[in-house]
Amino acid sequence: MKRQVSAAILATFVAGTALVTGQTKVTAPNNRYSPAEDVKLGREAAAEVEKEMPLLNDSRVDGYVERVGARLVQNIPAEFRHNGFRYTFDVVNLREINAFALPGGPMYAHRGMLEQAKTEGEIAGVLAHEISHVALRHGTAQASAAQPYAIGQIGSAILGAIIGGRTGEIVSGVGQAGFGVAFLRYSREYEKQADILGAQIMARSGYDPRDMASMFRTIEREGGGRAPEFLSNHPNPGDRAEYITREAQALRVQNPVRNTQEFASVQARLDQMPPAPTTEQAVRGATAGNEGARRAPEGTSGRPGARVEAPASGTVTYNEGDVFRITVPANWRELAQQGSVTFAPEGGYGADSGSSVFTHGVQAGIARIEGSLEDATRQLISGLSQSNPQLASTGNSTRTTIDGRPALRTQLSNVSDATGDRERIMLFTTQMQDGSLFYLVGVSPDGEWGRYQPVINRVATSLRFLR
Ligand SMILES: [Zn+2]
């Protein structure tokens, strides 16, 4: 997925200042949240993760990861310790090389990461990197910078970001492509900070930071054709291996821990278990069984045959913070999410793996994508097609205006993952004053497009920007 994080978003920096010891100084970014809020948000998201993700629950494997993690946690520099943060480590039974951490400390390592690591130092490298995101409070710092108008349901935004797009409809695609700044998708600046602080924590714990660089190389090779999930959440700032190696040289670790007996026996133990499913297999399995039904909130099926009331002729106008005003049919509900808002009729939306799904209605949001309107729109569509492989453009974009601003209107078609039906999409895009991309996506099943298209056009016409 090609997307760029605008430099304007973040006032973070990775100082190149060397201390006497030669260590790079790391400064935590500004944050509008309190550490207690990190703890609360992380705990809520962890409860969701533990409901939705297949934890391995093997005490020997978990115990091992906890011990490696605890050793690193003890070596977090004092200035990055926060009251109430509790670092916990669980193993998720999934095949991809991945790991993620939630604000306040809950941390999850994919089994694939443990299996593919060549040394204990490599596992420690991934954990130290994740611990650094938590200690620097990058999740909430990013949310502080990103959040355009509503905090919304941060828990589900986190989960959507973890689980990724394919089960979602167009909406989750938009949410994720657009908000490169969702909770777990870190900017390159934050990545570099987590690499540097992670290297320092590793060295203080007796590991060689170069093992972190080596694990990143393995992850980069893993993807083959498509980018591994880890890299979409942790983009390579560029000369990663180079600056980690430089930092390692400055830190001078004597006799680093590389391989341990326990590492070897844990890998042997994993080897004897039935292979871990890929994320896609796990998600499809869950969706096919009762799990899927359990997840979808009542009355929000979006399944074939679901009855969806036609758009009411009466309307309701909503002010979305100080960002925009929008008028929609009176029987559409407002569903706020992190960074976007969806308006959809009863039965026309639902939730899937924590991502919102809608089959009828509109979603509006702001994506931080740089470039001209044409380029930014193309990037948004290309991001969408990553999570919606059947998404196709049905013609060129045409010029129009929204609230007097130059805009593009693009028609797309897709096959809904939720229903298997062909659906039509109208995408409107225009640029905000700060250069970010505003989008409005309208969708309906192919057969109902005649009824929905004029409604979607009216909603687009109703938009008024408040800044
Ligand atoms: Zn990262």
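Reader: Which residues coordinate the zinc ion, and at what range in Å?
Author: This is a predicted model, where local features need pLDDT of at least 70, side-chain atom pairs count only at pLDDT 80 or more, and totals for chains, interfaces and linings use all residues. Residues are numbered from 1 along each chain as its sequence is written, and side-chain values use heavy atoms, with hydrogens and water left out. Donors are N, O and S atoms within 2.8 Å of the metal (3.2 Å for Na, K and Ca); water is not among the atoms, so sites may look incomplete. The zinc ion is held by His129 (NE2), His133 (NE2), Glu191 (OE, listed twice) and His234 (ND1), at 1.9 to 2.5 Å.

Reader: How are the donor residues of the zinc ion spaced in sequence?
Author: Helices here are DSSP runs of H or I, at least four residues, numbered from the N terminus. The spacing is H-x3-H-x57-E-x42-H. His133 lies in helix 4 (residues 120-135) and Glu191 in helix 8 (residues 188-204), so the pair ties together parts 58 residues apart in sequence.

Reader: Is His133 buried or exposed?
Author: Buried means under 20% relative accessible area, exposed over 50%, partly exposed in between (1.4 Å probe, protein chains only). His133 has 2% relative accessibility, so it counts as buried.

Reader: Which side chains does His138 join by a polar contact?
Author: His138 sits in helix 5 (residues 138-146). A polar contact is a pair of N or O atoms within 3.5 Å; within protein, one must be able to donate a hydrogen and the other to accept it, and residues adjacent in sequence count only if both atoms are side-chain atoms. The partners are His133 at 2.8 Å and Gln193 at 2.7 Å.

Notes. Helix = DSSP H or I, 4+ residues; strand = E, 2+ residues; numbered from the N terminus.
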